[in-house]
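Colleague: I'd like to learn how to read a model like this one, feature by feature. Could you walk me through it?

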Amino acid sequence: MVAIDGCGGYVPLYRIERETVAAQHGETATGENAVPFHDEDHVTMASDAAETALSRSSVDRGEIGAVYSASVTDPYAEHGISAPVSFRLGLPGSVRTGDFRGSHRAGTDSLSAAMAFVADRGSAVLMVAVDIVPVHSGSGDEISAGAGAGAVVLRPGDGGDAVISDLGVATTGFVERHRTHASSPVDGDPSFEIEAGVRPATASALDSCETPRSAEAGHAIACAPTPRIGGAVLDELGTELETVSTYDRIGKAGVASFLLDVTMLLEDERATGADRTALAAAYGAGGAAVVSLDLATNQESREGATVSELLDHKQYVTYAKHLEYRRSPATGVTAE
Amino acid sequence: MNGPRYHRTRPQDQHLVAFECRSCGWVSFPEHVQICKRCAETPAAFEEVILQPRGVVQTFVAQEYLPEEFEVPQLLAIVDMPQEAEGEPARVYGLLTETELADVDIGTEVVARFRRMFTDGDRGVYGFKFSRPRGEER
């Protein structure tokens, strides 16, 4: 059995209303996006989320056996996130590291590897997911490009914030939407992707769960490249489930949204004590995965700001500042 | 690229490691000096201590004229940072981030934020800046 014992999120302070971005191009939009400051990048944001998760965990830092990161926007071909984060947090030099890339399934891929490590070694794992979605001024994806980070600590046993009761995977090799480093995505045919890729893969991942889906499942989380694909994923999980999502308030945050949404659910659940199970799914290039979570009933207070608090504590920036803050050689963002 | 320089100061830059004079208790951060600047013990014996990621502003300046690529005003503060254990605080200087001039005064409590200080080529060099605690900004 693998438990989530400690979770944390990080959302940048600044926001831009999507209407402000859309108006630059004669369009309209609703919601808002997180805007990382010019001195923030994947390492700093992942470190913040991980620090929060560790501060809330009963696991001592010296007991962490591995650090895994997940991202679809890491600008470096060689640099890594998990190793710098590990050093920043003062973790043992013996920790294994892994940087998962290449798909919005990177979060569930790293979760699967973390669970296997926990089961095999009886040791805890720190998992972080972080993304700063590239902005290309004038392109369609600029309107909803956001940023964020989430982290969880996994350990053997039960209790904690939640128990991971099941993980189902469907690796199909199907690729329609794709993107090269620091460029805009190529969407292909979204309708075709949903019918031939999203629905079959999500359904297959759900069916591959060994534990029958609990009739008490109350919440659903979907990590996907676009809201439309995310909607199809949620459809496959079950339209009766209550959706948990930070998208309206931070925009597309890549794989980070998986752990951010999970963290927000765990934090809010502890506050409200409602519905006890959740399904968290991810669809990306190559397939889908579904995680089943049994949520804890412990109502202890937490250190650090919650995701909801970080969402509320914000300052708006102008379009010019939004481009200026995102012009960073280290993040590989172009904002011409 | 100046790897050795940044590598030497990683404990200070990323773990808030400071150096306490065993003779008089003065705390140096981030410099690891050989002579205590307060008691002039030579050579001085320093003990590594850890600073808390917070402090109190003692004084500050606002830099209004900087090269074009820098956002102005750029705030720079002298901050007293307490230790994790008992002992004198370290008096340090640091940049303020995500902070408006109107949000800072002498006595303002700030927290240390792990940020990219600058880039050496494409590689980020990390350290700490200060800001008001999240939620207490104007």
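Modeller: We'll take a helix, then the cores, then a small sheet.

Modeller: Bear in mind that this is a predicted model, where local features need pLDDT of at least 70 and side-chain atom pairs count only at pLDDT 80 or more, while totals for chains, interfaces and linings use all residues. Residues are numbered from 1 along each chain as its sequence is written, chains are lettered from A and ligands numbered from 1 in the order in which they are written, and side-chain values use heavy atoms, leaving out hydrogens and water.

Colleague: What span should helix α5 of chain A have?

Modeller: Helices here are DSSP runs of H or I with at least four residues, strands are E runs of at least two, and both are numbered from the N terminus. The expected span is 1.5 Å times one less than the number of residues. For α5(A), residues 190-207, that gives 26 Å, and the end C-alpha atoms are 24 Å apart, which agrees.

Colleague: Where does α5(A) bend?

Modeller: The bend is the angle between axes fitted to the seven residues ending at a position and the seven starting there. In α5(A) it is about 30 degrees at V198(A), and P200(A) follows within four residues.

Colleague: Which residues of α5(A) are buried?

Modeller: An α-helix has 3.6 residues a turn, so residues three or four places apart point the same way. Buried means under 20% relative accessible area, exposed over 50%, partly exposed in between, with a 1.4 Å probe and protein chains only. Among the buried ones are I194(A), V198(A), A201(A) and A205(A). Their cover includes β8, α6, β11 and β12 of chain A, contact being heavy atoms within 4.5 Å.

Colleague: Which residues touch the most other members of the largest nonpolar core?

Modeller: Such a core is a set of buried Ala, Val, Leu, Ile, Met, Phe, Trp, Tyr and Cys residues joined through side-chain atoms within 4.5 Å. Here L111(A), L154(A), I164(A) and V291(A) lead among 46 residues. Helix α8(A) gives the most, with eight residues.

Colleague: In what order do the strands of the open sheet in chain B run?

Modeller: Strands of a sheet pair through backbone hydrogen bonds, either parallel or antiparallel; a pair needs at least two DSSP bridges. The order is β2-β1-β3 in chain B, with antiparallel pairing. β2(B) and β3(B) each have a single partner strand, so one side of each is left without a neighbour in the sheet.
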